[in-house]
Amino acid sequence: MKPLKTRISITIDDPILEKIKDRAEHQDRSVSSYINLVMKKHFEQLEKNQN
C-alpha cells in the first residue's frame with residue numbers, strides 16, 4: 001500500500017529547479033519523488049541532530 005500523498009504547488013528559484021531536475025534524472029526519479037526523498041533525509045537528519 002502506497003503512503004498517502006498530497007498535491008501542492010510551490011515556487012522554486014530556476015537555478016535550484018534545474019539542479020533538482022538534473023539530480024532526479026540522474027537517479028531515474030521524478031522531480032516530485034526526488035524532492036520527497038531529499039526532504040525526508042533532511043528531516044531525519046534534523047531529528048538525529050536534536051537527540
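1. Leu46 is partly exposed, because its relative accessible area is 36%, a value that falls between the 20% limit for buried and the 50% limit for exposed. Leu46 is found in helix 2. The model discussed here is a predicted one. Leu46 also serves as a reference for distance: Arg7 is 39 residues away from Leu46 in sequence, and their C-alpha atoms are 24 Å apart in space.

2. Leu46 belongs to a nonpolar patch on the surface, together with Met39 and Phe43. The area of this patch is about 260 Å². Phe43 has its place in helix 2, which runs over residues 31-50. Like the leucine of the first point, Phe43 counts as partly exposed, because its relative accessible area of 46% lies between the limits of 20% and 50%.

3. The overall fold is brief to describe. There are two helices and zero strands in the protein. The radius of gyration is 13 Å, well over the 10 Å given by the globule rule for 51 residues, so the protein is more spread out than a compact globule. Along the principal axes, the C-alpha atoms fill a box of roughly 35 × 30 × 20 Å.

4. Burial should be read alongside that outline. Of the 51 residues in the protein, 6% are buried. The accessible surface comes to about 5,300 Å², and carbon and sulfur atoms account for 51% of that surface.

5. Helix 1 covers residues 14-26, which is 13 residues. From its first C-alpha to its last, helix 1 reaches 18 Å, close to the 18 Å expected at 1.5 Å a residue.

6. Which side chains meet in a salt bridge? Those of Lys21 and Glu18 do, with an N to O distance of 4.0 Å. A search of the whole structure finds one salt bridge. Side chains of opposite charge can pair when their charged atoms come close. Both Lys21 and Glu18 lie in helix 1, three residues apart, about one turn of the helix. An α-helix has 3.6 residues a turn, so residues three or four places apart point the same way. Lys21 is partly exposed, with a relative accessible area of 37%, and Glu18 is partly exposed too, with 42%.

7. Is Ala24 buried or exposed? Ala24 is buried, because its relative accessible area is 1%, and buried means under 20%. Ala24 lies in helix 1. With neighbours within four places in sequence left aside, Ala24 is in contact with Arg29, Ser30, Val31 and Tyr34. The C-alpha atoms of Ala24 and Ile10 are 17 Å apart in space, and the two residues are 14 apart in sequence.

8. Asp28 follows helix 1 and has its place in the loop between helix 1 and helix 2. What is the phi of Asp28? Phi is near 55°, a positive value in a residue other than glycine. Most residues other than glycine have a negative phi. Asp28 is exposed, because its relative accessible area is 74% and exposed means over 50%.

9. Arg7 lies in the segment before helix 1. Arg7 is exposed, with a relative accessible area of 81%. Between the C-alpha atoms of Arg7 and Ala24 the separation is 18 Å, and these residues are 17 apart along the chain.

Terms used. Residues numbered from 1 in each chain as written. Predicted model: local features only at pLDDT ≥ 70, side-chain atom pairs only at ≥ 80, totals over all residues. Heavy atoms only, no water. Patch = residues over 30% accessible without salt bridge, like charges linked within 9 Å, V, L, I, M, F, W, Y side chains within 5 Å. Areas by Shrake-Rupley, 256 points an atom, 1.4 Å probe, with all protein chains shown as cover. Helix = DSSP H or I, 4+ residues; strand = E, 2+ residues; numbered from the N terminus. Buried < 20%, exposed > 50% of the residue type's maximum accessible area, 1.4 Å probe, protein only. Expected span 1.5 Å × (residues − 1). Rg over C-alpha atoms; globule rule 2.2 N^0.38 Å. Contact = heavy atoms within 4.5 Å.
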